[in-house]
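Let's walk through this protein together, one question at a time. Keep the structure open beside you as you read.

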Amino acid sequence: MKRKQALINGTIFTGYQQYSQHVLLLDGDRIAGVVSGGEIPSCYHQVDLAGAYVSPGLVDLQIYGAADRLFSQELTVAALQEIEKSLLRQGCTSFNLTLATNTLDVFTQAIEIFREAQPRVALGLHLEGPFLNVEKRGAHPAELVKPVKVELLENLLQDSDEIVNMMTVAPELMNTESLHYLQERGVLVSAGHSNATFQESIRAFNQGIGAATHLWNAMSSLHHRDLGLPGAVMQDERVSASIIVDGIHVSYPTVKLSKALMGERLFLITDAVTTCRKGIYQHAFNGDHFALPDGTLSGSALTMLGAVQNCVEQVGISLEESLRMATLYPARLMKRRDIGNLEAGSLANILAFDQQFKVKSVWFEGDKISLSAE
């Protein structure tokens with residue numbers, strides 16, 4: 001049985017509330033609440049956080065691998081488990097494992113491996129492709145981009161047991177039948193790798209597409225005669241968007257403008273890959289990002305806590321709001337009330353970090369995680 005723990009001597013960010021000189025109580029795998037220092041029940045084991053910031057565990061809805069394991073290239077239970085361990089040590093306690101455009105056979109294998117692994121940290125699979133606009137494919141191979149057909153979706157997802165919980169598509173190429181099929185299966189459909197006009201984007205949002213993938217990257221431009229997909233995202237209050245805050249994929253002034261226009265609808269992802277020297281996606285580390293052999297930008301080298309740090313130090317967003325962009329807002333988009341916050345009853349997924357944004361402690365479902373690589 002997991003013990004009761006009292007995390008003392010930290011500044012606690014529960015979601016919308018910030019507490020100093022208070023204590024976060026964990027009862028087994030759940031948050032029991034926040035109390036003042038003089039109200040700690042005697043049955044709780046006290047853990048001194050030495051002045052650290054305490055936040056919900058971070059939530060990343062787009063990451064392709066970690067620990068030198070690119071999941072699409074290493075489709076094994078062991079690789080998935082190593083990715084989970086690596087991300088936990090970074091303070092990321094929930095994530096969507098993402099696969100870029102690939103063969104349908106690879107997607108099917110990924111679903112089977114995910115089912116076999118029964119992961120606890122990974123929320124599901126995010127398929128970024130293959131139903132994209134080849135004109136905005138970025139690092140995705142043109143020969144693997146496909147027109148969407150409901151028959152393809154049925155073959156791919158009919159036995160997926162809701163493992164695929166998110167899919168990025170080009171909305172201007174999405175037919176109504178296919179969109180309805182995805183929605184009926186509970187898949188969050190996100191607009192991305194798209195050359196949609198403003199009107200095409202709004203039409204897609206009216207049909208229920210409620211998110212956009214890595215705002216600004218691989219999408220139609222913001223133009224004074226046609227605001228394109230970015231302009232539609234910013235104007236439509238129903239739509240949330242992820243953004244990569246590494247200063248490379250999107251400039252920091254652009255992040256600041258996006259935040260001013262979108263408020264709580266903007267959330268953080270890493271879009272992180274890892275070194276891979278074989279297969280379709282041969283990612284090479286290039287100092288502060290990853291690129292394909294031809295130089296095409298192919299992914300970030302971010303951690304979620306690094307993205308939070310950049311928001312605070314480079315963009316000027318408050319720490320509490322930056323944390324919400326990495327916890328509460330993505331969890332809300334996935335309709336998960338039990339993660340992304342430290343309210344009573346939520347899962348005890350917790351990150352403690354210092355003023356230099358160095359991870360000090362991580363708890364996952366009430367268990368303290370070892371920060372050393374095994």
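Q: How many bridges join β10 to β11?
A: First off, keep in mind that this is a predicted model. β10 and β11 run parallel to each other. One of the pairs you can look for is Thr168 with its bridge partner Ser190 in β11. The number of bridges joining β10 to β11 is four.

Q: Which strands stand at the edges of the open sheet of eight strands?
A: Read the order across the sheet: β5-β8-β9-β10-β11-β12-β13-β14, with parallel pairing. An edge strand here has a single partner strand, so one side of it is left without a neighbour in the sheet. That fits β5 (58-63) and β14 (266-269).

Q: Which residue in β9 stands opposite Ala100?
A: β8 and β9 run parallel, and six bridges join them. Follow β8 (92-100) along to Ala100, then look across to β9. The residue opposite Ala100 is Glu128.

Q: Which residues of β11 are buried on one side, and which on the other?
A: In a regular strand, side chains alternate between the two faces of the sheet. Both faces of β11 are covered. You'll find Leu188 and Ser190 buried on one side, and on the other Val189 and Ala191.

Q: What is the order of the strands in the open sheet of three?
A: The pairing in this sheet is antiparallel. β15 (284-285) and β17 (297-300) each have a single partner strand, so they stand at the edges. Strand β16 (residues 289-291) is joined to β17 by three bridges, with Phe290 opposite Gly299. The order is β15-β16-β17.

Q: How far apart are the end C-alpha atoms of helix α1?
A: Helix α1 (residues 77-89) has 13 residues. At 1.5 Å a residue, that should span 18 Å. The value in the model agrees with this, because the end C-alpha atoms are 19 Å apart.

Q: Which residues of α1 are buried?
A: An α-helix has 3.6 residues a turn, so residues three or four places apart point the same way. Keep that spacing in mind as you read down the list for α1. The buried ones are Val77, Ala79, Leu80, Ile83, Glu84, Ser86, Leu87 and Leu88.

Q: Is Asn217 buried or exposed?
A: Asn217 sits in the loop between β12 (211-212) and α6 (228-235). Leaving out residues up to four places away in sequence, Asn217 touches Ile244, His249 and Val250. Its relative accessibility is 15%, and buried means under 20%. So Asn217 counts as buried.

Q: What is the volume of the largest pocket?
A: Rolling a probe the size of a water molecule over the atoms shows where empty space is left. The largest pocket is lined by 36 residues, with Gly186, Leu188, Leu333, Met334 and Lys335 lying nearest its centre. That lining divides into 16 nonpolar, 10 polar and 10 charged residues. The volume comes to about 730 Å³.

Q: How many charged residues does the lining of the second largest pocket have?
A: About 300 Å³ of space lies in this pocket, and 23 residues line it. β8 and β17 each supply at least two of them. By class, the lining has nine nonpolar and 12 polar residues, and the number of charged ones is two.

Conventions
Residues numbered from 1 in each chain as written. Predicted model: local features only at pLDDT ≥ 70, side-chain atom pairs only at ≥ 80, totals over all residues. Heavy atoms only, no water. Pairing = 2+ DSSP bridges. Helix = DSSP H or I, 4+ residues; strand = E, 2+ residues; numbered from the N terminus. 1 Å grid on protein atoms, 1.4 Å probe; cavity = no way out; pocket = protein on both sides within 12 Å on 5 of 7 lines; lining within 4 Å. Points joined across faces, edges and corners; volume = space filled by probe spheres on them. Nonpolar A, V, L, I, M, F, W, Y, C, P; charged D, E, K, R; others polar. Expected span 1.5 Å × (residues − 1). Buried < 20%, exposed > 50% of the residue type's maximum accessible area, 1.4 Å probe, protein only. Contact = heavy atoms within 4.5 Å.
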